[in-house]
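Trainee: Got a minute? I'd like to go through this one with you.
Mentor: Sure, put it up.

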2 protein chains.
Amino acid sequence: MRLSTKGKYGLYAMIFLARRHGEGPQSLKAFGELNLPEAYLEQLLGSLRRAGLVSTVRGTQGGYLLSREPENITVREMLEAMEGPLRFADCVTESDRPPCAHSGDCPARGVWEYLTGEINALLGRITLSDILRQNLRPIENVTEETK
Amino acid sequence: MRLSTKGKYGLYAMIFLARRHGEGPQSLKAFGELNLPEAYLEQLLGSLRRAGLVSTVRGTQGGYLLSREPENITVREMLEAMEGPLRFADCVTESDRPPCAHSGDCPARGVWEYLTGEINALLGRITLSDILRQNLRPIENVTEETK
DNA sequence: TGTAAACCCGACAAAAACGATCGGGATTCT
DNA sequence: AGAATCCCGATCGTTTTTGTCGGGTTTACA
């Protein structure tokens, strides 16, 4: 289980924009200090724009900027914009080839649903401004003894 | 972010073994009812064996069996055996090419570490026997108001 | 009004990862 | 000895990833 560079670069770009938030559009060249392949980054910013997370201004003096306040943009949205929704098994979100022979009562399905839900919730709790402020609280762990 | 079929098939295989736990070694053919490509599954069971999660008996009447009790085998171990450790960015676990130009104070690094820790903890809490019993409790969410 | 600075977009391509398949070797039960 | 098994490395086609490229469009500004 890994994150592709798409998700990684995308988050870097969003952090960059969050830091410059309020300073007007940032041109692609301004992202240069991130040391990412420029033409590739341009593509990724396109995905972020189509997902509604960044806005663009075209023409001279144009560039990219956050389309919302940093406290209203979550890691989940960013990663989903770059990599599509989290999916452990297709049978959870879409139709699959017979997932396993116990089709009806596939015991793994519950696991995929549980994990998908928990991880999406986790990612959805972290905002861009949390990242800038390094405000990452560990979850108060397992609620009580299983006994 | 997705899970490859390796992780998926691997978990299916482990669930299969857990259900037959105590019934002696299960031959590759016995897994047939899972409808997975047999030769591929054989490879995957090799990984699970090398990770210490299953044991094998060779020769006639041989096969695969869990090398521990189902309550002592976690989803994290299984997925790590099949797909390697969870990694969001290489800079968290290993050396990376300059991660981003703000090398020293890369604000994304904290995110990767946080996510890696939380998700590993989540995966580590689910055991094979939890899966059989469908015992998947949602985490008691964010501890208290952020205020 | 012209031109340069930007973003926009689709096509293409190399490289890596994925999802297997295959053939033969090593064990072990009977 | 022979059959049932697991073991292992090589190979291979497909898909995904990670880019590159070329040309088009928009717009500020002189």
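Trainee: Which helices and strands each supply at least two residues of the surface near DNA strand D?
Mentor: Keep in mind that this is a predicted model. In chain A, they are helix H1 (5–19) and helix H2 (38–50). In chain B, they are helix H2 (38–50), strand S1 (54–57) and strand S2 (63–66). The largest share, 4 residues, comes from H2(B).

Trainee: How many residues surround strand D?
Mentor: 28 residues, with Gln43(A), Leu28(B), Glu42(B), Arg49(B) and Thr56(B) the closest. Sugar and phosphate make up 67% of the strand D atoms that come within 4 Å of the protein.

Trainee: And how do those surface residues divide into nonpolar, polar and charged?
Mentor: 7 nonpolar, 14 polar and 7 charged.

Trainee: What does the side chain of Gln43(A) have 2.9 Å away?
Mentor: A base oxygen of DNA strand D, counted from an N or O atom in that side chain. For Thr56(B), a side-chain N or O atom is 2.8 Å from a phosphate oxygen of the strand. For Tyr64(B), the corresponding distance to a phosphate oxygen is 3.4 Å.

Trainee: Switching topic. How many aromatic pairs are there over all chains?
Mentor: 10. Take Tyr9(A) and Tyr40(A): the ring centres are 6.1 Å apart and the planes are at 80°, so the pair is edge-to-face. Tyr9(A) is in helix H1 and Tyr40(A) in helix H2 of chain A, 31 residues apart.

Trainee: Is Tyr9(A) buried or exposed?
Mentor: Buried, at 10% relative accessible area. Tyr40(A) is partly exposed, at 28%.

Trainee: Which residues do ring pairs link into a cluster?
Mentor: Tyr12(A), Phe88(B) and Trp112(B).

Notes: Residues are numbered from 1 along each chain as its sequence is written. Chains are lettered from A and ligands numbered from 1 in the order in which they are written. This is a predicted model: local features need pLDDT of at least 70, side-chain atom pairs count only at pLDDT 80 or more; totals for chains, interfaces and linings use all residues. Side-chain values use heavy atoms; hydrogens and water are left out. A residue is near a molecule or strand if one of its heavy atoms lies within 4 Å of it. A polar contact is a pair of N or O atoms within 3.5 Å; within protein, one must be able to donate a hydrogen and the other to accept it, and residues adjacent in sequence count only if both atoms are side-chain atoms. Ala, Val, Leu, Ile, Met, Phe, Trp, Tyr, Cys and Pro count as nonpolar, Asp, Glu, Lys and Arg as charged, and the others, Gly among them, as polar. Rings of Phe, Tyr and Trp (its six-membered ring) pair if their centres lie within 6.5 Å; planes under 30 degrees apart count as stacked, over 60 as edge-to-face and the rest as tilted. Buried means under 20% relative accessible area, exposed over 50%, partly exposed in between (1.4 Å probe, protein chains only).
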